[in-house]
Amino acid sequence: MSKTKAAESGQMEKVEVILGKAHTHGRQRLKAGDKIKVTAEQKAWLEKQGVIGGQQEEVTNG
């Protein structure tokens, strides 16, 4: 399915992001550290607003 067809049918590809601070998404209040799935446009907006994309602490196991 092409991107245009996917967009028309509401089946935009989504990516998982981790919130850097509290945010309301889909009328649900979320806190920093919560994960949500968003479209590329939503991700760009969240980054611009400073909700995601901040310095993430890397966690290693070992």
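Contact here means heavy atoms within 4.5 Å. By that yardstick, residues 24 or more positions apart account for 31% of the chain's contacts with a separation of 6 or more. This is a predicted model, in which local features need pLDDT of at least 70 and side-chain atom pairs count only at pLDDT 80 or more, while totals for chains, interfaces and linings use all residues. Residues are numbered from 1 along each chain as its sequence is written, and side-chain values use heavy atoms, with hydrogens and water left out.

**The overall layout**

- The chain has 2 helices and 4 strands; these are DSSP runs numbered from the N terminus, with at least four residues for a helix (H or I) and at least two for a strand (E).
- Going along the sequence, you meet them in the pattern α-β-β-β-β-α.
- Of the 62 residues in the chain, 19% are buried (buried means under 20% relative accessible area, exposed over 50%, and partly exposed in between, using a 1.4 Å probe and protein chains only).
- The chain's accessible surface comes to about 5,400 Å², and 46% of that belongs to carbon and sulfur atoms (areas come from the Shrake-Rupley method with a 1.4 Å probe, and for residues only the protein chains shown count as cover).

**Strands E1 and E4**

- Strand E1 (residues 15-18) and strand E4 run antiparallel, joined by 4 bridges (two strands pair if DSSP finds at least two bridges between them).
- Glutamate 16 is a handy place to look at this pairing: it sits in strand E1 and stands opposite lysine 37 in E4.
- Those two residues are 21 apart in sequence, yet their C-alpha atoms are 4.3 Å apart in space.
- Leaving out residues up to four places away in sequence, glutamate 16 touches Lys35, Ile36 and Lys37.
- Strand E4 (residues 35-38) has two faces: Ile36 and Val38 are on the covered one, while Lys35 and Lys37 are on the uncovered one.

**The nonpolar core**

- The largest nonpolar core has 8 residues: Val17, Leu19, Leu30, Ile36, Val38, Leu46, Val51 and Ile52 (such a core is a set of buried Ala, Val, Leu, Ile, Met, Phe, Trp, Tyr and Cys residues joined through side-chain atoms within 4.5 Å).
- As background, nonpolar side chains tend to be buried together in soluble globular proteins.
- Isoleucine 36, a member of this core, lies in strand E4 and counts as buried because its relative accessible area is 7%.
- Setting aside residues up to four places away in sequence, isoleucine 36 touches Val15, Glu16, Val17, Leu19, His23, His25, Leu30 and Leu46.
- The C-alpha atoms of isoleucine 36 and isoleucine 18 are separated by 6.6 Å, with their positions 18 residues apart along the chain.
- Histidine 23, one of the residues that isoleucine 36 touches, is in strand E2 (residues 23-25) and is buried too, at a relative accessible area of 12%.
- Neighbours within four places aside, histidine 23 is in contact with Gln28, Arg29, Leu30, Ile36, Trp45, Leu46 and Val51.

**Aspartate 34 and the salt bridge**

- Aspartate 34 is in the loop between strand E3 (28-30) and E4, and it counts as buried because its relative accessibility is 19%.
- A search of the whole structure turns up 1 salt bridge (a side-chain nitrogen of Lys or Arg within 4 Å of a carboxyl oxygen of Asp or Glu).
- Lysine 31 forms a salt bridge with aspartate 34, and their closest N and O atoms are 3.5 Å apart.
- Lysine 31 counts as exposed, at 55% relative accessibility, whereas aspartate 34 is buried.
- The side chain of aspartate 34 also has a polar atom 2.9 Å from the backbone nitrogen of lysine 31.
- Apart from residues up to four places away, aspartate 34 touches Val17, Ile18 and Leu19.

**Two more residues to look up**

- Glutamine 42 lies in helix H2 (residues 40-49) and is partly exposed, with a relative accessible area of 33%.
- A polar atom of the glutamine 42 side chain lies 2.8 Å from the backbone nitrogen of threonine 39.
- Glutamine 42 and valine 15 are 27 residues apart along the chain, and their C-alpha atoms are separated by 9.7 Å.
- Arginine 27 is in the loop between E2 and E3, and it is exposed, with a relative accessible area of 85%.
- Arginine 27 has a positive phi of about 65°, although it is not a glycine.
- For context, most residues other than glycine have a negative phi.

Terms used: Polar contact = N/O pair within 3.5 Å; in protein donor to acceptor, adjacent residues only side chain to side chain.
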